[in-house]
Amino acid sequence: MRETVVLIIGGIVAFVLQSVLAPNIAVLGAMPNFALAFVATAAMLRTSDSIVVIAFVLGLASDLSTGGTVGVMAALLTLAAFIASRAASLFGNETVTVSLAISMATSLIVEAIYAFFYIATAGVPAMDALLLRALPCALYDCAVVLIIMPLMSHLLARSAPSHTAPTSSTVRLR
Amino acid sequence: MISKHTTAKSKSIPLSGTVLVVALLVVSIVLATVYAREGQDGPLHRVQSVAGMVTAPLQFAGAGVAYAADTAGDAVENATVSNESYTALQQENAQLRDQLVQMEELRQENERLTALLDIQSQYQIDGATGRVIGTGSDAYSRDITVNVGSNSGVEPGQAVVGPSGLVGQVTEVSPLTCRVRLITDPQSGVSAYLQSSRDQCVVKGAVDGLLYLEYLDDAVQVKVGDVVVTSGMGGSFPAGITIGTVTNVVNQAGTSDRTVIVSPLSTADALEEVTVVFSSSAGDAAAGDSSDGQDAGDASASDDAGVSDDASDGTDGTDAAYDEYYDESGEGE
């Protein structure tokens, strides 16, 4: 129960950061997707139905607030949660390197799909969308993941009594 | 008792989780389909408008952050300005003063000519002025939120101008706020013409944040500094509003292709004011007038008097055809 509360609060914080902070830290138009970074991180750390639902709701809120096509980001974040949790269960060894690789792959897949959606609906040149938006945004997302992963790992470890606290957040995440 | 989260090996997704993911994806696709098929007055669009209004305070907070960051940056820059920069700024100030005098002369000349043609009133814009309270949080679009909405008479499709020229177009309206797609957005396209030659073109935004001139005849001479203004064709934007100036013309070797980059004159920075244009007599005149209007526009263009010299620019009754052309260029090709 407490874990779900932590995830909900994390989702709200990610949404607020996306609305308030993201536009102001854009680099050449590329800005991080805090919601995606949060979902990918949470899904790697916890495999539960609640993170999938939270990802969907977070995406829906993002679609509604940004004026984009409703349902697109909801689907992408749901997909991100699925990919990240599956990858973590298959390859995860609770180290930063693997977690970063998973988050990178998740971000790239989601950003690329979003770029293709944008290419199809807005007529934007494919290379522009992929090279000027999808790739830098995915890298930005990974940078955010690096920042929030230790934090979330700590919070989720505290919320699950059976977990032992990480001995070193730089080597072992849980 | 061992939790299913305690080890990596216990983290496989149960079947119910997969079913849930599939169900949510289906719901998302259904929502996207309904959203795409419904009109601006559809339930999802209405919910989105309300959501935009609810999240406006968050965006306002973001605008405050941006404003504070800009102010701090300016303060640091001013504090560390060198003597060389100070001298350069003084020279620039002197040049601007000269330009101001020239502009005043031209403005007065323009007013006199306008009075002679009895079209001065056509330049008056009826609209609502509001403050930019937020910028888009989506990397793929460039839009702003303004604190005027349907309660003030704002409607989707209306043009938005800033202190120096065209800013964008209203795409979404809630009772208290509206969302404005900037002209630099990749989905934005504005019918325009070069003020010097009055050749028609389309100014299109791009992912890289620049404005590009498209559909310009190869024979047309374009040089850096040419002013680009709205033509009013299609009725989306009033005629005669300054968009920007040509800053770069790149000719492709061996072909007649070229890339013309336009720098917008007006930017929509946080906490600055913009005006939503409800109606412009200039646009009405352009829609209803024909060759007479074009003549008047051509005459006024020759003096390069200012940015609003083309109120009577005619459309020759080709609005419908141009709408299709404009839509193609604006919605993407």
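Me: How many helices and strands does chain B have?
Reply: Chain B has seven helices and twelve strands. Helices (H or I, at least four residues) and strands (E, at least two) are DSSP runs, numbered from the N terminus. This is a predicted model, in which local features need pLDDT of at least 70, side-chain atom pairs count only at pLDDT 80 or more, and totals for chains, interfaces and linings use all residues. Residues are numbered from 1 along each chain as its sequence is written, while chains are lettered from A and ligands numbered from 1 in the order in which they are written.

Me: And what does chain A have?
Reply: Six helices and zero strands in chain A. Along the sequence the pattern of chain A reads α-α-α-α-α-α.

Me: What share of each chain is buried?
Reply: In chain A, 55% of the 174 residues count as buried. In chain B, 39% of the 333 residues do. Buried means 20 or more other C-beta atoms within 10 Å of the residue's own; exposed means 12 or fewer, and partly exposed is in between, with C-beta atoms placed from the backbone.

Me: How many residues go into the contact from each chain?
Reply: Chain A gives 49 residues and chain B gives 51 residues. Two residues are in contact if their C-beta atoms, placed from the backbone, lie within 7 Å.

Me: Which element of chain A gives the most?
Reply: Helix 4 of chain A, with ten residues on the side that touches chain B.

Me: What's the make-up of that side by class?
Reply: The side of chain A that touches chain B has 24 nonpolar, 19 polar and six charged residues. Here Ala, Val, Leu, Ile, Met, Phe, Trp, Tyr, Cys and Pro count as nonpolar, Asp, Glu, Lys and Arg as charged, and the others, Gly among them, as polar.

Me: Back to chain B. Why is strand 5 largely enclosed?
Reply: Five of the five residues of strand 5 (178-182) of chain B are buried, so the rest of the structure largely encloses it.

Me: Which residues sit on each face?
Reply: Cys178(B), Val180(B) and Leu182(B) are on one side, Arg179(B) and Arg181(B) on the other. Both faces are covered. In a regular strand, side chains alternate between the two faces of the sheet.

Me: Which strands flank it by pairing?
Reply: Strand 2 (residues 143-146) of chain B runs antiparallel to strand 5 of chain B, joined by four bridges. Strand 4 (residues 166-173) of chain B is also antiparallel to strand 5 of chain B, with five bridges. Two strands pair if DSSP finds at least two bridges between them.

Me: What are the bridge partners of Thr145(B) and Gln169(B)?
Reply: Thr145(B) partners Arg179(B). Gln169(B) partners Arg181(B).

Me: What joins strand 4 to strand 5?
Reply: A hairpin, through four residues.

Me: New topic. What order do the strands of the barrel run in?
Reply: The closed barrel in chain B has six strands, running 6-7-8-11-10-9 with antiparallel pairing.

Me: How do strands 9 and 10 of chain B pair?
Reply: Strand 9 (residues 227-230) and strand 10 (residues 242-251) of chain B pair antiparallel over three bridges. Val227(B) has Thr245(B) as its bridge partner in strand 10 of chain B.

Me: Where does Gln200(B) lie?
Reply: In strand 7 (residues 200-205) of chain B.

Me: Why does it count as partly exposed?
Reply: Because Gln200(B) has 17 C-beta neighbours inside 10 Å.

Me: What does Gln200(B) touch?
Reply: Tyr193(B) and Ser231(B), not counting residues up to four places away in sequence. The C-alpha atoms of Gln200(B) and Leu216(B) are separated by 6.6 Å, and the two residues are 16 apart along the chain.
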